[in-house]
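Visitor: I would like to take a close look at a single part of this model, and then to follow it outward into its surroundings. Please go slowly and keep to what the model itself shows.

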Amino acid sequence: MSAAAVENPCDGEPESLLETANRLAEQNPGCRVEIIGGVITVAPSPDAPHARVLNKITRPFVAAGLDDGETEVFQGIGVWLPSGPSDFAIPDLSVVDADLDEHLIENNYYDPAVFRLVLEVTSSNYRSDLRNKVVTYAEAKIPVYVIVDRRHGRLHVLTEPMGGGYDNHEVYAPGQTVTLPESIGAPVTFDIDELVRAGRPRA
């Protein structure tokens, strides 16, 4: 994300939504600034349990070989969204095609066509992950959307994107395991108990 200062033109034209988002990102280091459905959102820095879940959930992707060869695994890389002229999101984790660099659209955000999976770990803005982003990621035709719902202790796997959402939505609770679709490049399995424990503050 660009950190360049935003200056309004001399003729008094208002800054664009994207310029405003960039300015907010510069003014709020560590926060995640996104534009979803034409609305700018600013999420605070994640806490330690959020980071702990993200670390634990990243390892199986790397162990499955998804960070080498035809795909790469990233944390915090931006995806350009078709839901608005300046819409973009910054998923917590993404599995993307290895030729990602060839698909830069604007402002360090990339074409959703190269994203095989996006994953969010919920924080205080969990409603956006569970509602707004379901619609926007589906409109972007991202094949797999995974949500680690820390608030409710569950994991959601959404597949088969349609116009306003995903046609298939599976929810997994503690005591279960889940294997993600091999369409992402390799089978990846998670123990829900482990993720739920990681998402809680340690005593």
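Visitor: By class, how many nonpolar, polar and charged residues does the lining of the largest pocket have?

Guide: The lining of the largest pocket has seven nonpolar, eight polar and two charged residues. Before going further, please keep in mind that this is a predicted model, and that what follows is computed from its atoms. The space in the largest pocket comes to about 290 Å³, and 17 residues line it. Nearest the centre of this pocket lie Gly30, Cys31, Arg32, Pro46 and Asp92.

One of these central residues, Arg32, leads directly into the strand framework, since Arg32 belongs to strand S1 (residues 32-36). All five of the five residues in S1 are buried, so this strand is largely enclosed by the rest of the structure. The burial holds for both faces, with Arg32, Glu34 and Ile36 covered on one side and Val33 and Ile35 covered on the other. S1 pairs with strand S2 (residues 39-43) in the antiparallel sense, and five bridges connect the two. Within that pairing, Ile36 has Val39 of S2 as its bridge partner. The two strands make a hairpin with two residues between them, and in the turn Gly37 takes a positive phi of about 60°.

A second enclosed strand is S9 (residues 115-121), where six of the seven residues are buried, so that S9, too, is largely enclosed by the rest of the structure. S9 has two pairings to consider. With strand S6 (residues 93-97), S9 pairs in the antiparallel sense over four bridges, and here Val96 stands opposite Phe115. With strand S10 (residues 144-149), S9 runs parallel and is joined by five bridges, and in this case Glu120 stands opposite Ile147. Between S9 and S10 the chain passes through helix H3 (residues 126-139), and the resulting β-α-β crossover is right-handed.

From S10 we can move on to the enclosed space. The search finds one cavity of 30 Å³ or more, and the largest cavity has a volume of about 70 Å³. Its lining includes Val148, Asp149 and Arg150, together with Gly153, Arg154 and Leu155, and also Ile192, Leu195 and Val196. The elements that contribute two or more residues to this lining are S10, strand S11 (154-161) and helix H4 (192-198), with H4 giving the largest share, three residues. By class, this lining has five nonpolar, two polar and four charged residues.

S11 also holds a backbone feature that deserves a careful look. Glu160, which is found in S11, has a phi near 60°, a positive value in a residue other than glycine. Glu160 counts as partly exposed because its relative accessible area of 46% lies between the cut-offs of 20% and 50%. A comparable entry is Asn108, a residue other than glycine with a positive phi near 70°. Asn108 is located in the loop between strand S7 (104-106) and S8, and is partly exposed, with a relative accessible area of 41%.

The mention of S8 brings us to the aromatic residues, where a search of the whole structure finds five aromatic pairs. In one of these, Trp80 and Tyr109 are stacked, with 6.0 Å centre to centre and 25° between the planes. This pair links distant parts of the chain, for Trp80 sits in strand S4 (residues 78-80) and Tyr109 in strand S8 (residues 109-110), 29 residues apart. Trp80 counts as buried because its relative accessible area of 11% is under 20%, and Tyr109 is buried at 1% relative accessibility. Another pair is formed by Tyr137 and Tyr145, which meet edge-to-face, 4.8 Å centre to centre and with 80° between the planes; Tyr137 and Tyr145 are both buried. Finally, Trp80 and Tyr109 belong with Phe88 to one aromatic cluster.

Definitions and conventions:
Residues numbered from 1 in each chain as written. Predicted model: local features only at pLDDT ≥ 70, side-chain atom pairs only at ≥ 80, totals over all residues. Heavy atoms only, no water. Buried < 20%, exposed > 50% of the residue type's maximum accessible area, 1.4 Å probe, protein only. Pairing = 2+ DSSP bridges. Right-handed = clockwise from strand over helix to strand, strands pointing away. 1 Å grid on protein atoms, 1.4 Å probe; cavity = no way out; pocket = protein on both sides within 12 Å on 5 of 7 lines; lining within 4 Å. Points joined across faces, edges and corners; volume = space filled by probe spheres on them. Nonpolar A, V, L, I, M, F, W, Y, C, P; charged D, E, K, R; others polar. Phe/Tyr/Trp six-rings, centres within 6.5 Å; stacked < 30°, edge-to-face > 60°.
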